[in-house]
Amino acid sequence: ENALETKTIWIWDQSANSGAGAYLTKVEADNWNIAPAQGFFVQADTDAGNVLMEATDRTHTNSGFKRTAARPEIYLNLSDGVTSREAKIYYIEGATTGFDNGYDGPMFGGVANEFAIYSHTVANGSGRDLAVQSLPDNNYENMVIPIGVNAVSGTEIMISATTKNFPSEKNIYIEDKEDNSFTL
């Protein structure tokens, strides 16, 4: 674990992106399992040692999915009509507005991310383009989340947000810094 750059794994999912496939970013907060023989990537700091997978790290469940507690989540979707990408925001008790290893996960760096949507930390910017960001589960209205997009200049893109378990009395706005507008 000490040799991991971040507690993030990236798993190829052929069914993602309308069947074109994409690397999915998983962090500890996702409470995930890896299927037997499933390949994955991690980012290691080779100066810190080796990443070892011990036999005791293996588990077996009758289901491929673990049940997680209901947490507020926002899914930011980017589409050009053909390709789509997603960034996730989780609101978790104990998370901070800075980088929380195991709760925040950078985008996969093993491929070019020429078309992508991502966030940066709310505080103490780490400079990492995050595919998953976890924030405190309170004080929603006072957190401004920097969002970035990689796309070909002049290409029409669509950005949308969906929520899961999000407090209904809270509104989510996207601010466009170029034209100084807010969209609910």
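Okay, before anything else, one term: a residue is called buried under 20% relative accessible area, exposed over 50%, and partly exposed in between. Take V149 as a test case: its relative accessible area is 31%, so V149 counts as partly exposed. And a word of caution: what you have in front of you is a predicted model.

Let's stay with V149 for a moment. You'll find V149 in strand β8. Together with I147, I159 and I174, V149 makes a nonpolar patch on the surface, about 290 Å² of it.

Now let's go inside. Which residues make up the largest nonpolar core? There are 12 of them: I74, L76, L78, A87, I89, Y91, F115, I117, L135, Y140, M143 and F166. Two strands to look for here are β3, residues 73-79, and β4, residues 84-91, since each of them supplies at least two residues of this core. There's another core too, lying apart from that one, with six residues, including V27, A29, Y90 and V132.

If you want one core residue to click on, try L76. What does L76 touch, once we leave aside its neighbours within four places in sequence? The contacts are R85, E86, A87, I117, I147, S160 and A161. A87 and I117 in that list are members of the largest core along with L76, while I147 is one of the residues in the surface patch we began with.

Next, the strands, and β7 in particular. Is β7 mostly covered or mostly open? Mostly covered: six of its six residues are buried. On to its pairings. β4 and β7 run parallel and are joined by four bridges. Within that pairing, Y91 has L135 in β7 as its bridge partner, and both Y91 and L135 belong to the largest core. β7 also pairs with strand β5, residues 105-106, this time in the antiparallel sense and over two bridges. There, G105 is partnered with V132 in β7, and V132 is one of the residues of the other core.

Right, on to charges. Side chains of opposite charge can pair when their charged atoms come close. How many salt bridges does the structure hold? Three.

Let's start with R71. One salt bridge takes R71 to D30, with 3.5 Å between the closest N and O atoms. Both residues sit in the loop between β2 and β3, yet they are 41 residues apart, so the pair links distant parts of the chain. R71 also meets E73 in a salt bridge, at 2.7 Å from N to O. That puts D30, R71 and E73 in one network of salt bridges.

So are these charged residues buried or exposed? R71 and D30 are both buried. For R71 the relative accessibility is 12%, which is why it counts as buried. E73 counts as buried as well, because its relative accessibility is 5%.

The remaining pair is K170 with E141, where the closest N and O atoms are 2.9 Å apart. K170 lies in the loop between β9 and β10, and E141 in the loop between β7 and β8, so this salt bridge ties together parts that are 29 residues apart in sequence. Here the accessibility reads another way: K170 is partly exposed, at 27% relative accessible area, and E141 is exposed, at 54%.

That's my tour, thanks. Have a look around for yourselves!

Methods
Residues numbered from 1 in each chain as written. Predicted model: local features only at pLDDT ≥ 70, side-chain atom pairs only at ≥ 80, totals over all residues. Heavy atoms only, no water. Core = buried A, V, L, I, M, F, W, Y, C linked by side-chain atoms within 4.5 Å. Buried < 20%, exposed > 50% of the residue type's maximum accessible area, 1.4 Å probe, protein only. Contact = heavy atoms within 4.5 Å. Salt bridge = Lys/Arg side-chain N within 4 Å of Asp/Glu carboxyl O. Patch = residues over 30% accessible without salt bridge, like charges linked within 9 Å, V, L, I, M, F, W, Y side chains within 5 Å. Areas by Shrake-Rupley, 256 points an atom, 1.4 Å probe, with all protein chains shown as cover. Pairing = 2+ DSSP bridges.
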